[in-house]
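Trainee: I've got a model open and I'd like to learn how to read its helices and strands. Can you walk me through it?

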Amino acid sequence: MTAHQVRQGRRISVQTLGEEQLARAKPSFALRRVPRSAMRTVIGGMVRPRSGDVLLATVARLGQHRRIEQPTGRRAALHVGDEVLVAYADRYAPDQYEAHVPGDLRRTQLVASGGIAADTLSHSRDVRAATDLRPIGLVGDEQGRPLNVADFGLEPVFPQREQPLTVAVLGTSMNAGKTTTIHYLVRGLTRAGVRTGVTKVTGTGSGNDYWVMLDAGAHVMLDFTDVGLASTYRQPMPKVEKTFVRLLDHLTDSGTDVNCVEIADGIYQRETAQLIRSEAFLSRVDVVLFATAEAMGAAAGVEHLRQLGVKVAAVSGRITRSPLAAREAAGAVGLPVLGLDELADAKAMSSLIGLPEDMLGRSAPTSVGPWPSAPPRWDADAPGSGDAAVDDTADDGADDGADDRADDAAESDHAVAVDAR
């Protein structure tokens, strides 16, 4: 920060953010839509952060997360004394952290490597204490107004075509196998010439799903961070429903043949539980695949969804690591239990989910990339508009490659194993 002070009063200070300091700070994936050129000031003192506010902070102590995922997907190593650019947001992660946005600029924690800062309320015994951050201040525009990721989200679109077949993937919990289920479904359909759109509508900001789905051949991939939320935890339900609808509209507007929707965490998590009961969900989702790790979860989850009037076509996920558990679940729910090979079989899956078979057999479509229209660049002036399932059925946890498993296991809300990245 430069010594030049722009404004001070009411115990709030606004200082110029120098180019050298901005260039030195490590940006995070959660801020990929916030252009560097908008970051002009640092606001300190008696300010109250909001979910989505941009924070410049210093790494004070290394804990669970020792890398930060950057807008490009690269995971940069962290050191004590590094400055980082992250977003304040709440986090709900039974396998990692429960965390809320603090009421001031006190010392806080990095609770997700995608760049989420919050105060840890509790954490799983399977992870270490979170990395500590010492806030320097909120990042603002040239007038000293705090920047928020919501300022740079996609605007609504109004598709001039009917929404295509829409498949949602739900699960019992984190690490149930949701992302891997969509990954292999998309892989198979894309190879058969189907334009697949993928969206993750709830969770905590992380880039893992972006790269996984694009690598699988998705025509377009979007998530809640694209429409201005760093996390959906503790957001008002009307906002979560609006996020869901806006993301589906963007997929449809891009010309998809089928839309695949991932909803984070388990069906009893607050936002998930409310969303799957909503008219927005029930009127827009045609069929569900349910991911779980064991037969009792399959039976309880499928029955719960059926009571809500949701059509469940099959079970998938970590349960397929055990043929015996898969057979047990199939008997309990009367549905097929799908491993990776079955999910990637486009002809069989099209029949199961209700996709017209005449959509198969075309040349593989070209992906439009992770963002519709012109993608925002970190340095831009402004934003643009069956193998039985093995390790990569764990969709909700892996942070990095094999060299970081001991430090960062169970990192992002939804992830796959190294060989699927």
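Mentor: Sure. We'll lean on one term: contact means heavy atoms within 4.5 Å. Keep in mind that this is a predicted model.

Trainee: Against which elements do the buried residues of α7 pack?

Mentor: Buried means under 20% relative accessible area. In α7 that covers A295, G297, A298, G301, V302, H304 and L305. These buried residues pack against β14 (165-171), β18, β19 and α8.

Trainee: What span should helix α7 have?

Mentor: The expected span of a helix is 1.5 Å times one less than its number of residues. Helix α7 runs over residues 295-307, so its 13 residues should span 18 Å, and the end C-alpha atoms are indeed 18 Å apart.

Trainee: Which residue caps the N-terminal end of α7?

Mentor: That's E294, with a side-chain oxygen 3.0 Å from the backbone nitrogen of M296. After the helix comes G309, where phi is positive, near 90°.

Trainee: Is L289 buried or exposed?

Mentor: The cut-off for buried is under 20%. L289 has 1% relative accessibility, so it counts as buried. L289 belongs to strand β18 (residues 287-291). Beyond its neighbours within four places in sequence, L289 is in contact with residues including V167, V169, A314 and L343. With A314, the C-alpha atoms are 5.2 Å apart, although 25 residues separate the two in sequence.

Trainee: And where does T320 lie?

Mentor: In the loop between β19 (312-316) and α8 (323-333). T320 still counts as buried, because its relative accessibility is 7%. Its side chain reaches the backbone oxygen of G317 at 2.8 Å.

Notes: Residues numbered from 1 in each chain as written. Predicted model: local features only at pLDDT ≥ 70, side-chain atom pairs only at ≥ 80, totals over all residues. Heavy atoms only, no water. Helix = DSSP H or I, 4+ residues; strand = E, 2+ residues; numbered from the N terminus. Buried < 20%, exposed > 50% of the residue type's maximum accessible area, 1.4 Å probe, protein only. Polar contact = N/O pair within 3.5 Å; in protein donor to acceptor, adjacent residues only side chain to side chain.
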